[in-house]
Protein chains: 2
Amino acid sequence: MSLHPGLAAVAGLIGAWRGEGAGQYPTIESFRYTEELTFTDVGKPVLHYMQRTWSPAGAPMHTETGYLRVAGGTALEFVLAQPTGQTELAEGLLVATEDGFACTLESRMVNSGSAKQVDATERRLELAGDVLTTHFAMAAVGVPLTHHLASTLHRHAAAIR
Amino acid sequence: MSLHPGLAAVAGLIGAWRGEGAGQYPTIESFRYTEELTFTDVGKPVLHYMQRTWSPAGAPMHTETGYLRVAGGTALEFVLAQPTGQTELAEGLLVATEDGFACTLESRMVNSGSAKQVDATERRLELAGDVLTTHFAMAAVGVPLTHHLASTLHRHAAAIR
């Protein structure tokens, strides 16, 4: 099955990614984590996305899932569900680079009745060959948009866990 | 691993479900489909959800994914990502029945820049032992909230596809 032509700009994302990250936020202790992402071709002009993180001791931490859409060749639309009670629709324009792309995505959030309040997020994805760098900032629990997470991931043959 | 006690009211959903459905909407031809749902315990007070449908000829149709949360024992929060470009946060109160529950959930939607406009959805889940009935209405593309999908699913030993 050949890839949908609308996904050409993000074809380099398809597969599994694994690496290390660091988190910080004004309201919590800083922490480190292991992260795994998968972007999976489902035969339509959208990739299925799944993320998982673990503590250095191997305990499951965060997970999130959803779909990455590409509109008009270069507009990324990241449609996400959070188990913490938020939906997150993050959008941004892809900037091509020599061996990949960079994209900063700004979100619109909806919080469930029992969720901690997250007002906005900003995500940045940088793909350079077999290295994927992620940055994540959020405005939450009364704190304005502030850096929260950064990770450096390497292309992996297959999902590990 | 025992189930998180906060999920007790929806414990009967855990597993795979499969059955037949029918769709209709003022703007399209009516259709039939095969549907499979999975609700998976992830060791936290939330279930992972994945849905897939196929045409009678076996062609993949819709898929959606996300998480089902339970707040305060009986408030369901269905946090969903749609590959068609919508996030959907659907909430409702669970009503216990003799052998399961019923719940009507009203959504808050966010549409991506390139998506067809969906303004609101209403979902109803009825669990009765090994039968799960679903109803889905939506307000979309200028049509007010109107019935769209209904399916009757039966508990399955494992995911089939």
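Contact here means heavy atoms within 4.5 Å. By that rule, 33 residues of chain B are in contact with 33 residues of chain A. This is a predicted model, in which local features need pLDDT of at least 70, side-chain atom pairs count only at pLDDT 80 or more, and totals for chains, interfaces and linings use all residues. Residues are numbered from 1 along each chain as its sequence is written, and chains are lettered from A in the order in which they are written.

**Interface**
- The area buried between chain B and chain A (accessible area, 1.4 Å probe, lost on putting the two parts together, summed over both) is about 2300 Å², and carbon and sulfur atoms give 60% of it.
- On the side of chain B that touches chain A, two or more residues each come from strands S3 (46-54), S4 (60-71), S5 (75-81), S6 (86-97) and S7 (100-111) of chain B; strands are DSSP runs (E, at least two residues), numbered from the N terminus.
- S4(B) gives the largest share of this side, nine residues.
- The residues of this side comprise 13 nonpolar, 13 polar and seven charged, with Asp, Glu, Lys and Arg as charged, Ala, Val, Leu, Ile, Met, Phe, Trp, Tyr, Cys and Pro as nonpolar, and the others, Gly among them, as polar.

**Salt bridges**
- Zero salt bridges are found across the interface of chain B and chain A, the rule being a side-chain nitrogen of Lys or Arg within 4 Å of a carboxyl oxygen of Asp or Glu.

**Symmetry**
- A turn of 180° and a shift of 0.0 Å along the axis lay chain B on chain A with an RMSD of 0.0 Å, superposed by least squares on the C-alpha atoms of residues with pLDDT of at least 70 in both.
- That is the relation of a two-fold axis.
- The copies meet through the same surface, because 100% of the interface residues of chain B are also interface residues in chain A.

Key:
Heavy atoms only, no water. Helix = DSSP H or I, 4+ residues; strand = E, 2+ residues; numbered from the N terminus.
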